[in-house]
Amino acid sequence: MNEEELKELLSSPVIKRSVMIAGHASSVTIEEPFWDAFKELAKTQGKSINVLVTELDDTRPQDGSSANLSSAIRLYVLKNLKTTP
């Protein structure tokens with residue numbers, strides 16, 4: 001990645017997005033590149049974004065020790081990108 005690409009990436013806006021988690025409205029605040037990658041993962045898996053968000057939310061510990069949902073999405077994207085050949 002060259003310097004110009006890095007500058008563009010680091011200047012990506014953080015956007016608040018509406019999602020449905022098990023039928024309940026919620027929102028996540030996430031950078032565009034992470035959201036785009038998350039949408040692509042959902043598509044690749046044949047799932048809607050809301051289904052994938054719900055699955056991800058269901059796997060997070062509910063004791064308050066886990067990262068917020070936006071961070072969980074980022075980590076999910078990172079994990080999947082690292083395991084994709």
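1. Let me start with a contact: Glu55 and Lys47 pair through their side chains in a salt bridge, at 2.7 Å from N to O. Glu55 is partly exposed, with 32% relative accessibility, and Lys47 is also partly exposed, at 30%. Bear in mind while reading that this is a predicted model.

2. Two further pairs sit within helices. In helix α1, the side chains of Lys7 and Glu3 form a salt bridge at 3.6 Å, N to O. These two residues are 4 apart in α1, which means that about one helical turn separates them. Glu3 counts as exposed, with a relative accessibility of 59%.

3. Helix α2 has a pair of its own: Asp36 and Lys39 meet through their side chains in a salt bridge, 3.8 Å from N to O. Here the spacing is 3 residues, so again Asp36 and Lys39 are separated by about one helical turn. Asp36 is partly exposed at 35% relative accessibility, and Lys39 is partly exposed at 36%. Over the whole structure, the search turns up 6 salt bridges.

4. Now the overall layout. The protein has 4 helices and 2 strands, and along the sequence they run in the order α-β-β-α-α-α. Along the principal axes, the C-alpha atoms fill a box of roughly 40 × 25 × 25 Å. There are 85 residues, and 27% of them count as buried.

5. Next, the largest pocket, with about 180 Å³ of space. Which helices each supply at least two residues of its lining? They are α1 (3–10), α2 (32–44) and α4 (69–83). The lining includes Leu9 and Leu10, along with Pro33, Phe34 and Ala37, and also Val77, Leu78 and Leu81. Ser12 and Glu31 are in the lining too. By class, that comes to 8 nonpolar, 1 polar and 1 charged residues.

6. Leu10 deserves a second look. This residue lies in helix α1 and is one of those lining the largest pocket. Is Leu10 buried or exposed? Leu10 is exposed: its relative accessible area is 66%, and the cut-off for exposed is over 50%.

7. Leu10 also belongs to a nonpolar surface patch, together with Met1, Leu6 and Leu9. The four have about 440 Å² of accessible area together. Leu9, like Leu10, turns up in the lining of the largest pocket as well as in this patch. When you open the model, I'd look at the patch and the pocket side by side.

Conventions:
Residues numbered from 1 in each chain as written. Predicted model: local features only at pLDDT ≥ 70, side-chain atom pairs only at ≥ 80, totals over all residues. Heavy atoms only, no water. 1 Å grid on protein atoms, 1.4 Å probe; cavity = no way out; pocket = protein on both sides within 12 Å on 5 of 7 lines; lining within 4 Å. Points joined across faces, edges and corners; volume = space filled by probe spheres on them. Nonpolar A, V, L, I, M, F, W, Y, C, P; charged D, E, K, R; others polar. Patch = residues over 30% accessible without salt bridge, like charges linked within 9 Å, V, L, I, M, F, W, Y side chains within 5 Å. Areas by Shrake-Rupley, 256 points an atom, 1.4 Å probe, with all protein chains shown as cover. Buried < 20%, exposed > 50% of the residue type's maximum accessible area, 1.4 Å probe, protein only.
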